[in-house]
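Subject: The structure you asked for

Hi,

Here is the structure, handed over to you. Open it up and keep it beside you while you read my notes.

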Amino acid sequence: MPYPRHGLDKASFGVMAANKEHVVLDVDGRDLRVSNADRVIFPPTERSRAVTKLDLVDYYLAVADGIMRALMRRPTTLERWPKGVHSGIVPSTREKGGGDAFFQKRIPRGAPEYVQTATIEFPSGRTADEVCPTEIAVVGWAAQMGTITFHPWPVRREDLNHPDELRIDLDPQPGTDFADAVRVAAQARVLLEELGYVGFPKTSGGRGVHIYVRIEPRWTFTDMRHAAIAFGRELERRLPGQVTTNWWKEERGERIFVDYNQNARDRTIASAYSVRPKPGAPVSAPLAWEELEQAQPEDFTVTTMPARFAETGDRHAAIDDIAHSLEPLLEMYERDLAEGRGDMPYPPDYPKMPGEPMRVQPSRAKRDESEEDE
């Protein structure tokens, strides 16, 4: 059932936005309190007006069907920028916390009773109760808490160990751009069709392209990652010099990197319709394949997406209609394995994984050996 807007017309929106203390919205019968409603989250640019906290909440309510299709019953990391996306804001990183913007993997204290959670397990063995959206009020609440981007796991709360979504991340490296990612996406579409898969593309909100494929939840995260490696290697063979699966940045060159590790446990991608913390408030926009070649990522923003959504609906509306077998890609991985192309490095913060090759950069290892010989 479609999720309704909160019911504010333009006139009442203006009056309520003028209240500097707070605004209370009716979201599917729940009272959503938006504090500091007129706080500027995104300052104006040459192409866009300022975006306030109330604008951000209103945006997510406007695309409720789409954002809930992307997040429904998925444990979701919240990327929070409570002070806004301004110059001087310091984001936290995996290596160093304490910044003004941060990734929240545990449910915040004081969350409303309707905010449900799922207990996720990290590669280290630690666990966390992470927000698991089940209704649009949860998204609105998270947005009013300063959440800019939603990072859902590729699993549902009913089965947290078997992913149901293969994620193909086409990441332009220095010297390449969105147009290069689009050209690779076109070949990825051909490969998907040969495999019998239906893929759903979207902009990353930056220079990249993401493609999602629904998978039967019968395989592990390791299997899903191996499938992504196999898919990337096949693209490398079909587009030599244009695509790479090399994990080490120094070895990727001016090519599109297929980031297979986005399918590893505890790695996530910004969801469809998520706002990205960049000037102009761009969003990760679902597209029809026919739109991709002419698309410009900067055209999809908090300001422009609601009208597009009202006109076209969710371009990923059919994503749950069919779930595919992972076996064709796992067979490709096994063929590569038989030819001597085994597993690939995991991210550096992972514990050593079974079957993983030496995690030292190959070129660095050769230099070390040379130095030892001397």
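**His316 and its surroundings**

Setting aside residues within four places of it in sequence, His316 touches Arg69, Phe200, Pro201, Lys202, Ala272, Pro286 and Leu287. One thing to keep in mind as you look around: this is a predicted model. His316 sits in the loop between helix H8 (305-312) and helix H9 (327-338). Is His316 buried or exposed? Its relative accessibility is 4%, so His316 counts as buried, the cut-off for that being under 20%.

**The cavity**

Next, empty space. Rolling a probe the size of a water molecule over the atoms shows where such space is left. How many cavities of 30 Å³ or more does a search of the whole structure find? The search turns up 1. The space in the largest cavity comes to about 80 Å³. Its lining is made of 13 residues, and those closest to the centre are Arg69, Ala70, Tyr212, Ala272 and His316. You have already met Arg69 and Ala272, as both are contacts of His316.

Which element gives the most to this lining? That would be H3, with 3 residues. Helix H3 (64-71) and strand E12 (209-214) each provide at least two residues of the lining. Sorted by class, the lining of the largest cavity has 6 nonpolar, 4 charged and 3 polar residues.

**Helices H3 and H2**

While you're at H3, have a look at how covered it is: 6 of its 8 residues are buried. Those buried residues are Ala64, Gly66, Ile67, Met68, Ala70 and Leu71. What lies over the buried residues of H3? The cover includes helix H2 (53-62), strand E5 (76-80), helix H4 (136-144), strand E9 (147-152) and H8. H8 is also the helix on one side of the loop that holds His316.

H2 is largely enclosed by the rest of the structure, because 10 of its 10 residues are buried. Colour them in your viewer if you like: Lys53, Leu54, Asp55, Leu56, Val57, Asp58, Tyr59, Tyr60, Leu61 and Ala62. Two of these, Tyr59 and Tyr60, come back in the part on rings, where ring pairs join them with Phe150 in a cluster.

**Rings and charges**

How many aromatic pairs does the structure hold? There are 8. Some rings also have a charge over them. The charged end of Arg225 is placed over the ring of Tyr346, 3.5 Å from the ring's centre. Arg252 lies over the face of Trp247, and there the distance to the ring centre is 5.9 Å.

**Gly206 and a pocket**

Gly206 is in the loop between strand E11 (200-203) and E12. E12 is one of the elements that help line the cavity. With a relative accessible area of 14%, Gly206 is buried, since the cut-off is under 20%. Not counting residues up to four places away in sequence, Gly206 is in contact with Phe178, Lys278 and Pro297. Try picking out Phe102 as well: Gly206 and Phe102 are 104 residues apart in sequence, and their C-alpha atoms are 19 Å apart in space.

There's a pocket to look at too. The second largest pocket has a volume of about 290 Å³. It is lined by 16 residues, and closest to its centre are Pro279, Gly280, Pro282, Glu298 and Thr301. By class, this pocket's lining has 8 polar, 5 charged and 3 nonpolar residues.

**Positive phi angles**

Last stop, the backbone. Asp28 has a phi near 50 degrees, which is a positive value in a residue other than glycine. You'll find Asp28 in the loop between strand E1 (22-27) and strand E2 (30-35). Asn36 is not a glycine either, yet its phi is positive, about 45 degrees. Asn36 is located in the loop between E2 and strand E3 (40-42).

Are these two residues buried or partly exposed? Asp28 has a relative accessibility of 40%, so it counts as partly exposed. Asn36, at 30%, counts as partly exposed too. Finally, go back to H3: Arg73 follows this helix, and its phi is positive, near 60 degrees.

Happy browsing!

Conventions. Residues numbered from 1 in each chain as written. Predicted model: local features only at pLDDT ≥ 70, side-chain atom pairs only at ≥ 80, totals over all residues. Heavy atoms only, no water. 1 Å grid on protein atoms, 1.4 Å probe; cavity = no way out; pocket = protein on both sides within 12 Å on 5 of 7 lines; lining within 4 Å. Points joined across faces, edges and corners; volume = space filled by probe spheres on them. Helix = DSSP H or I, 4+ residues; strand = E, 2+ residues; numbered from the N terminus. Nonpolar A, V, L, I, M, F, W, Y, C, P; charged D, E, K, R; others polar. Phe/Tyr/Trp six-rings, centres within 6.5 Å; stacked < 30°, edge-to-face > 60°. Lys NZ or Arg CZ within 6 Å of the ring centre and 35° of its normal. Buried < 20%, exposed > 50% of the residue type's maximum accessible area, 1.4 Å probe, protein only. Contact = heavy atoms within 4.5 Å.
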